[in-house]
Amino acid sequence: MFIEVAVDAKSAADKELAKKLVEVCPVNIFATDSAGNVTVVQENLDECVLCELCVQAAPQGGVRVRKLYSGEVLER
Ligand code: SF4
């Protein structure tokens with residue numbers, strides 16, 4: 001695993017954002033649970049292409065992608 005994706009609690013419970021994240025991520029790292037909340041699909045994390053579409057789709061600080069090999073965090 002080379003990255004970690006963190007969704008803050010407020011964004012995780014935002015059902016509209018959940019749909020948007022599922023839509024924008026090209027490698028299906030986001031999914032929704034039965035309540036419509038955002039979940040991170042751990043087994044797909046290695047497919048991340050670092051496109052930042054999830055970071056840009058979320059409000060400031062909502063989604064952060066951390067590169068575990070360098071410690072760099074993609075966020076806005
Ligand atoms: S950076 Fe791109 S590929 Fe990686 S989780 Fe976000 S949307 Fe998906």
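How many nonpolar, polar and charged residues make up the shell around the ligand? In this predicted model, that shell has 10 nonpolar residues, one charged residue and no polar ones. The residues concerned are Cys25, Pro26, Val27, Ile29 and Phe30, together with Cys48, Val49, Leu50, Cys51, Glu52 and Cys54, and the ligand itself sits in the largest cavity.

Two members of this shell, Leu50 and Glu52, deserve a closer look at their backbone. Leu50 is placed in the loop between β3 (38-40) and α3, and its phi is positive, at about 55 degrees, although Leu50 is not a glycine. Glu52 lies in the loop between β3 and α3 and likewise has a positive phi, near 70 degrees, in a residue other than glycine. Leu50 counts as partly exposed because its relative accessibility is 27%, and Glu52 is partly exposed with a relative accessible area of 29%.

From the ligand one can pass to the largest nonpolar core, which has 19 residues and in which Val5, Leu21, Ile29, Phe30, Cys54, Val63 and Val65 have the most contacts. At least two residues of this core come from each of β1 (3-7), α2 (15-24), α3 (53-57) and β4 (63-67). Beyond the residues up to four places away in sequence, Val63 touches, among others, Val5, Leu21, Phe30 and Cys54.

Strand β4 also holds Lys67, a residue that counts as buried because its relative accessibility is 13%, under the 20% limit for that class. Apart from neighbours within four places in sequence, Lys67 is in contact with Phe2, Ile3, Leu50, Glu72 and Leu74, and of these Leu50 is one of the residues around the ligand.

Note on methods
Residues numbered from 1 in each chain as written. Predicted model: local features only at pLDDT ≥ 70, side-chain atom pairs only at ≥ 80, totals over all residues. Heavy atoms only, no water. Near = heavy atom within 4 Å. 1 Å grid on protein atoms, 1.4 Å probe; cavity = no way out; pocket = protein on both sides within 12 Å on 5 of 7 lines; lining within 4 Å. Sits in = over half its atoms within 2 Å of the grid points. Nonpolar A, V, L, I, M, F, W, Y, C, P; charged D, E, K, R; others polar. Core = buried A, V, L, I, M, F, W, Y, C linked by side-chain atoms within 4.5 Å. Buried < 20%, exposed > 50% of the residue type's maximum accessible area, 1.4 Å probe, protein only. Helix = DSSP H or I, 4+ residues; strand = E, 2+ residues; numbered from the N terminus. Contact = heavy atoms within 4.5 Å.
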